[in-house]
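Subject: Structure for you to look at

Hello,

Please find the structure below, with its sequence. My notes on what was found follow it.

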Amino acid sequence: MKLRHALLGAAATLAFAPAAMAERGSDGQVNIIYWQAPSTMNPYLSGGTKDLEAASLVLEPLARYDQDGNMVPWLAETIPTVENGGVTEDLTSITWKLKPGLKWADGSPVTSADVKFSWEYCTAEGGGCAQSEKYNDVVDVETPDELTVIVRFGVAKPFPYGPFVGAQAPVIQAAQFAECLGAKAPECTDANFKPQGTGPFTVVDFRPNDVIQLEANPNYRDPEKPAFASVLFKGGGDATAAGRSVLETSEFDYAWNLQLAPDVLANMVSAGNGKIVSGFGTLVERILINMTDPSPELGDRRSTVDTPHPFLTDMAVRQALSMAIDRELLVEIGYGDAGRPTCNVLPAPEIYKSTANDGCLVQDIERAKALLDEAGWVPGPDGVRAKDGVRLSLLYQTSTNAVRQDFQALIKQWWEEIGVETELRNIDASVFFGGDPGSPDTFQKFYADVEMYANNFDGTDPESYMANWLCKEIPSPETQWQGNNINRYCSEAYDALVAEMAVTGALEERAELAKAMNDMLMQEYVILPLVDRGRVSAHSNTLGGVVLNTWDSELWNVADWYRIE
Amino acid sequence: MLTYTIRRLLIAIPTLLFISLIIFLVVTLAPSDPTANLPLSIPSEVRAQIRESLGLNEPLLVRYLLWLRQFFVYEPLHILDQAFGWSLATDDMQRILSWQTRSPVADLIVQRMPQTLWVVGTSYIIGVLIALPIGIVSAYRQYSWFDQVGTFVSMAGFSVPTFFTGVLLIVIFSVQLGWFPSIYDTTHEVTDLASFWVQVKQMIMPVAVLALYNAAQISRFMRASMLDNLNQDYVRTARAKGLSEQVVVLVHVLRNSMIPVVTVIALGVPTVFGGAIITEQVFKVNGIGQLLIIAIQGGDVPTVQTLTFIFAVLIVLFNLVADVLYGLLDPRIRYD
């Protein structure tokens with residue numbers, strides 16, 4: 001993201017706003033379907049994507065990301081930067097200016113006190129705020145006047161755009177949530193279901209996990225928008241049914257996140273009622289290699305740093321595993337247009353994308369075999385390679401999901417071709433991704449040799465994402481298996497790069513550092529990236545103004561949507 | 001009969017308490033996590049805070065006793081308050097809150113009940129209305145073509161899963177023909193004839209799917225029960241007395257055959273309140289069944305526990321109703 005061009009970007013967005021201008025509410029109702037039903041309209045109480053996106057119809061942040069990952073001012077007038085004086089030279093405070101004249105849907109003015117309150121709400125003790133990471137290191141929020149908000153950080157923040165930016169950290173009304181701080185947060189059901197907002201719509205009826213009815217916000221800042229008078233936001237069912245309701249039966253105008261087999265989707269589109277929109281963000285399906293030994297004989301020291309892995313610590317083995325995979329084929333089978341092969345764990349935004357590892361795109365079974373031969377792993381009588389009594393035999397686990405099981409089957413075949421025995425296992429997602437320290441099946445415990453899942457990061461700045469692979473992030477029994485360094489990779493050089501990024505402000509230098517970290521992980525083959533997974537949604541031919549955004553809520557520009565006759 | 005009913009109700013109390021404990025243990029000890037569905041970009045420390053705010057760090061016994069108190073004391077008080085505008089419940093009487101929506105589970109159930117009763121209830125009634133005549137005729141004309149067709153249809157209805165018939169109907173009637181909506185609109189209100197017709201249209205497919213399934217089961221019971229009675233001596237006596245076939249079958253045989261069928265129907269009523277998990281998902285009816293399955297998937301312990309316990313109460317109650325009905329219908333049966 002180019003901060004210095006943020007202003008230009010904002011100007012451009014305004015200039016290219018859709019020409020079809022109608023007056024507010026003239027286009028009737030728009031029907032949106034999310035096959036995962038929203039549970040609440042308060043994004044601070046739920047981190048779920050479905051909830052964030054539903055809430056983004058009503059609640060707005062100071063700034064958000066556009067479809068290219070550029071930051072655009074939303075409730076703020078401009079994006080503060082060091083150049084325009086909005087961020088102090090020592091990178092410890094940022095000053096936001098609200099647009100003048102903003103009103104909540106109930107007509108009361110939006111002030112800096114509301115912004116400050118949003119921070120207090122999310123960081124209140126006992127509230128269990130799902131977005132508290134966005135407010136990390138914030139020591140104070142000052143409000144010198146009604147429109148000015150100064151956020152002070154305890155440390156230098158080269159990327160000070162965590163608080164109040166993006167769908168995850170919107171501004172909520174102080175008056176409405178004043179009595180809902182901390183442990184009292186869940187008791188304010190009315191406020192959580194019908195928050196006062198500044199967005200283009202306001203909630204009329206919220207039925208949790210079912211349906212939301214919204215109508216145009218009478219006090220929305222642009223008097224001509226939104227074009228739609230009301231929104232019916234239905235939840236539930238499955239992706240196939242959601243796609244069908246837009247593309248085949250035209251009951252709905254917009255369907256979110258259609259993770260369907262490429263041929264199923266193509267078949268639906270052929271009915272001619274709507275089209276597919278897709279975009280790519282940072283979500284990468286990857287295989288993590290366990291650098292520690294998961295053997296059950298090790299008791300409670302299994303999968304901890306005390307017990308290095310018997311053969312995956314050999315880089316030749318890891319490299320061979322990567323070479324044996326045909327990423328193009330995986331994309332073709334599992335994702336179609338919604339995926340593309342990748343060799344980076346940090347695939348975007350463009351300035352962070354490394355080109356140093358693209359060799360992985362070509363499958364090379366013969367070289368993989370040669371590599372293993374050179375490293376002394378020779379095939380035994382059963383075809384499985386071994387060295388000094390250690391057999392290349394893997395347990396490969398992932399969550400239960402049709403595409404993932406297809407991937408497992410294919411990869412198992414390729415790995416067995418190069419002489420690596422592979423046993424497959426899949427675990428229900430609610431257990432696999434659950435943080436229960438008592439369960440042996442969580443992805444953090446990693447009681448397997450390799451495991452596969454997808455991960456990404458919010459917004460466009462990869463600093464905290466790349467910090468996942470710090471030595472101190474390794475999960476262990478001492479940390480109740482919490483920690484983000486799932487593959488137990490530990491390198492002093494890597495830690496040094498992370499530390500350097502935390503104090504580097506210039507964007508180009510940050511990009512270089514992030515790329516260097518990505519390349520380090522890739523060239524040591526501790527993570528095998530497979531597919532850069534895009535977002536696929538569908539809208540009907542009569543719905544205009546849709547701009548798919550993978551960096552923020554998909555409904556980020558719903559104020560600009562209109563009906564095509 | 002009254003003392004019997006009272007005795008049964010009293011026995012039900014320890015039974016239900018035991019059931020609630022079992023449900024609590026099964027639901028709580030199952031390896032699932034309410035934060036498992038959150039995006040991985042939310043760090044583990046934040047997840048730990050969320051779990052703490054949900055009260056997951058409390059000991060098991062404390063959580064169980066709290067839930068019991070909430071269910072049997074706090075919730076009834078709150079519901080009375082809502083119904084009559086009283087203020088019996090004080091602020092510290094925390095209601096049972098769903099972990100997913102952070103709203104009272106009782107409100108969710110009240111919200112979901114109408115569509116479940118409309119769709120599942122109607123399908124049960126229609127199922128029964130279809131099943132009884134089919135069962136009677138099938139038995140009276142045993143091994144006739146009607147009986148063979150009836151047997152085939154009920155076997156098909158019984159063995160073809162609803163997720164297949166449901167999707168099949170959607171593909172035919174929504175996608176191909178465009179007659180009915182594929183997605184149920186829970187916000188639709190019936191105010192006049194036109195809106196009633198809309199309601200009928202959106203109910204036809206889910207009701208048809210469920211009615212087929214219900215009718216298949218009950219018609220088999222009806223047929224079997226009729227067959228048992230048709231060969232009894234009293235039937236021969238009735239015929240020997242010169243009664244018409246109509247009177248013999250529809251008065252003598254049917255009334256006696258209905259006794260077990262009525263109890264079967266009564267025992268099936270709790271499933272109406274339980275909703276239909278699969279059919280509700282297929283047609284997006286979003287009733288009780290969908291509430292339950294979403295809560296299970298999301299590791300929402302309070303919702304799962306409260307719902308399953310309510311089902312348990314209904315099952316125990318309707319068992320009693322079935323027994324009492326049996327006694328009322330059959331003078332030979334006496335409980336006292």
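A:Tyr396 has A:Leu424 as its bridge partner in strand E17 of chain A. This is a predicted model, and everything here should be read with that in mind. The two strands involved, E16(A) (residues 393-399) and E17(A) (residues 421-427), run parallel and are joined by seven bridges. Between them comes helix H11 (residues 402-417) of chain A, and together E16(A), H11(A) and E17(A) form a right-handed β-α-β unit.

E16(A) also pairs with strand E18 (residues 450-455) of chain A, again in the parallel sense, over three bridges. A:Tyr396 takes part here too: its bridge partner in E18(A) is A:Val450. How enclosed is E16(A) by the rest of the structure? Five of its seven residues are buried, so the strand is largely enclosed.

The loop leading into E18(A) holds an unusual backbone angle. A:Phe446, in the loop between helix H12 (429-432) and E18 of chain A, has a phi near 55°, which is positive although the residue is not a glycine. Most residues other than glycine have a negative phi. A:Phe446 has 24 other C-beta atoms within 10 Å, and it counts as buried because the cut-off is 20 or more.

Chain A also has two cis peptide bonds to report. One joins A:Lys225 and A:Pro226, with omega at about -5°; A:Pro226 sits in the loop between strand E8 (211-216) and strand E9 (230-235) of chain A. The other runs from A:Ala348 to A:Pro349, with omega near -10°. A:Pro349 belongs to the loop between strand E12 (339-341) and helix H10 (365-374) of chain A. For background, most peptide bonds are trans.

Next, a sheet elsewhere in the sequence of chain A. It is an open sheet of three strands in the order E4-E6-E5, with antiparallel pairing. Which strands stand at its edges? They are E4(A) (93-97) and E5(A) (138-145); each has a single partner strand, so one side of each is left without a neighbour in the sheet. On average, neighbouring strands of the sheet are turned by 20° against each other, direction ignored.

E6(A) covers residues 148-153 and pairs with E4(A) over five bridges, in the antiparallel sense. Five bridges also join E5(A) to E6(A), likewise antiparallel, and these two strands form a hairpin with two residues between them. A:Arg152 of E6(A) appears in both pairings: A:Ser93 stands opposite A:Arg152, and A:Arg152 is also the bridge partner of A:Asp140. Helix H3 (residues 112-123) of chain A lies across E5 and E6 of chain A and runs at about 170° to E5(A).

Now chain B. Its secondary structure amounts to twelve helices and zero strands. The C-alpha atoms fill a box of roughly 80 × 60 × 40 Å along the principal axes. Chain B has 336 residues, of which 37% count as buried. Among its contacts with a separation of 6 or more, 69% are between residues 24 or more positions apart.

For residues 113-322 of chain B, an unreviewed UniProt entry gives the feature "domain: ABC transmembrane type-1". Over that stretch the chain is 82% helix and 0% strand, and the C-alpha atoms at its ends are 23 Å apart.

Chain B has a positive phi of its own to note. B:Arg102, which is not a glycine, has a phi of about 60° and lies in the loop between helix H3 (60-84) and H4 of chain B. With 23 other C-beta atoms within 10 Å, B:Arg102 is buried.

Last, the contact between the chains. How many residues does each chain give to it? Chain B contributes 46 residues and chain A contributes 49 residues. On the side of chain B that touches chain A, the elements giving two or more residues are helix H2 (44-53), helix H4 (105-140), helix H6 (162-176) and helix H11 (288-297) of chain B. H2(B) supplies the largest share of that side, with nine residues. By type, the residues on the side of chain B that touches chain A are 19 nonpolar, 21 polar and six charged.

Regards

Definitions and conventions:
Residues numbered from 1 in each chain as written. Chains lettered and ligands numbered in written order. Predicted model: local features only at pLDDT ≥ 70, side-chain atom pairs only at ≥ 80, totals over all residues. Contact = placed C-beta atoms within 7 Å. Helix = DSSP H or I, 4+ residues; strand = E, 2+ residues; numbered from the N terminus. Nonpolar A, V, L, I, M, F, W, Y, C, P; charged D, E, K, R; others polar. Pairing = 2+ DSSP bridges. Axes fitted to C-alpha atoms, helices over the stretch in contact; angles between N-to-C directions. UniProt positions renumbered as here; feature names shortened; annotations may be inferred. Buried ≥ 20, exposed ≤ 12 C-beta atoms within 10 Å, placed from the backbone. Right-handed = clockwise from strand over helix to strand, strands pointing away.
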